[in-house]
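Colleague: I am new to reading protein models. Could you take me through one, feature by feature?

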Amino acid sequence: MAEERDVSPAADRAAQAAIEEWRRRIDLIDAQLMGLLNSRSACAVEIGKIKRTVGLPVYSPDREAWILDRVARENPGPLDNTAIRRVFERIIDESRRLERIASEEDAKSKRRE
């Protein structure tokens, strides 16, 4: 049998207010995440510059594996380790893309000189 729900207008308003409050919290967290991701990306671009200077490749599989292992090991949840790894794989992938773009732009500017 299906459970009966209290769908009175007051209950509905209370539920909507609670949802809106949680959404406001998510919006604040999203803003923090955006700032942190952009800071992390700026670090990756700087690392890419150093790598180019010393002739290292953009792709560092050992470093990436270390990061993925660390985030899975330190994950407090509720996201499971598979989800955390996927999120960080995407972050790392985008960082690598930024390093490549910066490298291409650097090469173009050197050809113009």
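Modeller: We will go through helices, burial, contacts and salt bridges in turn. Keep in mind that this is a predicted model.

Colleague: Let me start with helix 1. How many Å should helix 1 span, and what does the model give?

Modeller: Count the residues, then use the rise of 1.5 Å a residue. Helix 1 covers residues 9-54, which is 46 residues, so the expected span is 68 Å. Its end C-alpha atoms are 66 Å apart, which agrees.

Colleague: What happens just after helix 1?

Modeller: Look at the backbone angles there. Gly55 takes a positive phi of about 80°.

Colleague: Now burial. Which residues of helix 1 are buried?

Modeller: The cut-off to remember is under 20% relative accessible area for buried. In helix 1 the buried residues are Ser41, Ala44, Val45, Gly48 and Lys51.

Colleague: Which helix do the buried residues of helix 1 pack against?

Modeller: They pack against helix 3, residues 81-112. Glu99 shows this from the other side. Glu99 lies in helix 3. Its contacts, leaving aside neighbours within four places in sequence, are Ala44, Gly48, Lys51, Arg52 and Val58.

Colleague: Is Glu99 buried or exposed?

Modeller: Glu99 is buried, because its relative accessible area is 7%.

Colleague: And what about the surface? Which residues make a nonpolar patch?

Modeller: Ile29, Leu33 and Leu37 make one of about 250 Å². Take Leu37 as the example. Leu37 belongs to helix 1. With a relative accessible area of 38%, Leu37 is partly exposed.

Colleague: Why would residues spaced along a helix end up on one side?

Modeller: An α-helix has 3.6 residues a turn, so residues three or four places apart point the same way.

Colleague: Let us try a loop. Where is Asn75 found?

Modeller: Asn75 sits in the loop between helix 2, residues 61-74, and helix 3. Check its accessibility next. Asn75 counts as buried, because the value is 18%.

Colleague: Which residues does Asn75 touch, and what does its side chain reach?

Modeller: Asn75 touches Asp80, Asn81 and Ile84, not counting residues up to four places away in sequence. The side chain of Asn75 also reaches the backbone oxygen of Leu79, at 2.7 Å.

Colleague: Helix 2 comes before that loop. Is Pro61 in helix 2 buried or partly exposed?

Modeller: Pro61 lies in helix 2. Pro61 is partly exposed, because its relative accessibility is 39%. You can also compare places in the chain with places in space. Pro61 and Ala102 are 41 residues apart along the chain, and their C-alpha atoms are separated by 20 Å.

Colleague: Now charges. How do I read a salt bridge?

Modeller: Side chains of opposite charge can pair when their charged atoms come close. This structure holds eleven salt bridges. Among them, Arg96 and Glu64 meet at 2.8 Å, N to O. That pair links distant parts of the chain: Arg96 is in helix 3, Glu64 is in helix 2, and they are 32 residues apart.

Colleague: Are Arg96 and Glu64 buried or exposed?

Modeller: Arg96 counts as buried, because its relative accessibility is 14%. Glu64 counts as buried as well, at 13%.

Colleague: What else does Arg96 touch?

Modeller: Set aside residues up to four places away in sequence. Arg96 then touches Val58 and Tyr59, along with Glu64.

Colleague: Which residue meets Arg96 in a salt bridge inside helix 3?

Modeller: That is Asp93, at 3.3 Å, N to O. Both lie in helix 3, three residues apart, about one turn of the helix. Asp93 is partly exposed, because its relative accessible area is 31%.

Colleague: Which pair in helix 2 should I look at?

Modeller: Try Glu74 and Arg70. They form a salt bridge, and the closest N and O atoms are 3.6 Å apart. The two are four residues apart in helix 2, so about one helical turn separates them. Arg70 counts as partly exposed, because its relative accessibility is 26%.

Colleague: Last one. Which residues are linked in a network of salt bridges?

Modeller: The linked residues are Glu64, Arg90, Asp93, Glu94, Arg96 and Arg97. Find Arg96 in helix 3, then trace its bridges to Glu64 and Asp93.

Notes: Residues numbered from 1 in each chain as written. Predicted model: local features only at pLDDT ≥ 70, side-chain atom pairs only at ≥ 80, totals over all residues. Heavy atoms only, no water. Expected span 1.5 Å × (residues − 1). Buried < 20%, exposed > 50% of the residue type's maximum accessible area, 1.4 Å probe, protein only. Contact = heavy atoms within 4.5 Å. Polar contact = N/O pair within 3.5 Å; in protein donor to acceptor, adjacent residues only side chain to side chain. Patch = residues over 30% accessible without salt bridge, like charges linked within 9 Å, V, L, I, M, F, W, Y side chains within 5 Å. Areas by Shrake-Rupley, 256 points an atom, 1.4 Å probe, with all protein chains shown as cover. Salt bridge = Lys/Arg side-chain N within 4 Å of Asp/Glu carboxyl O.
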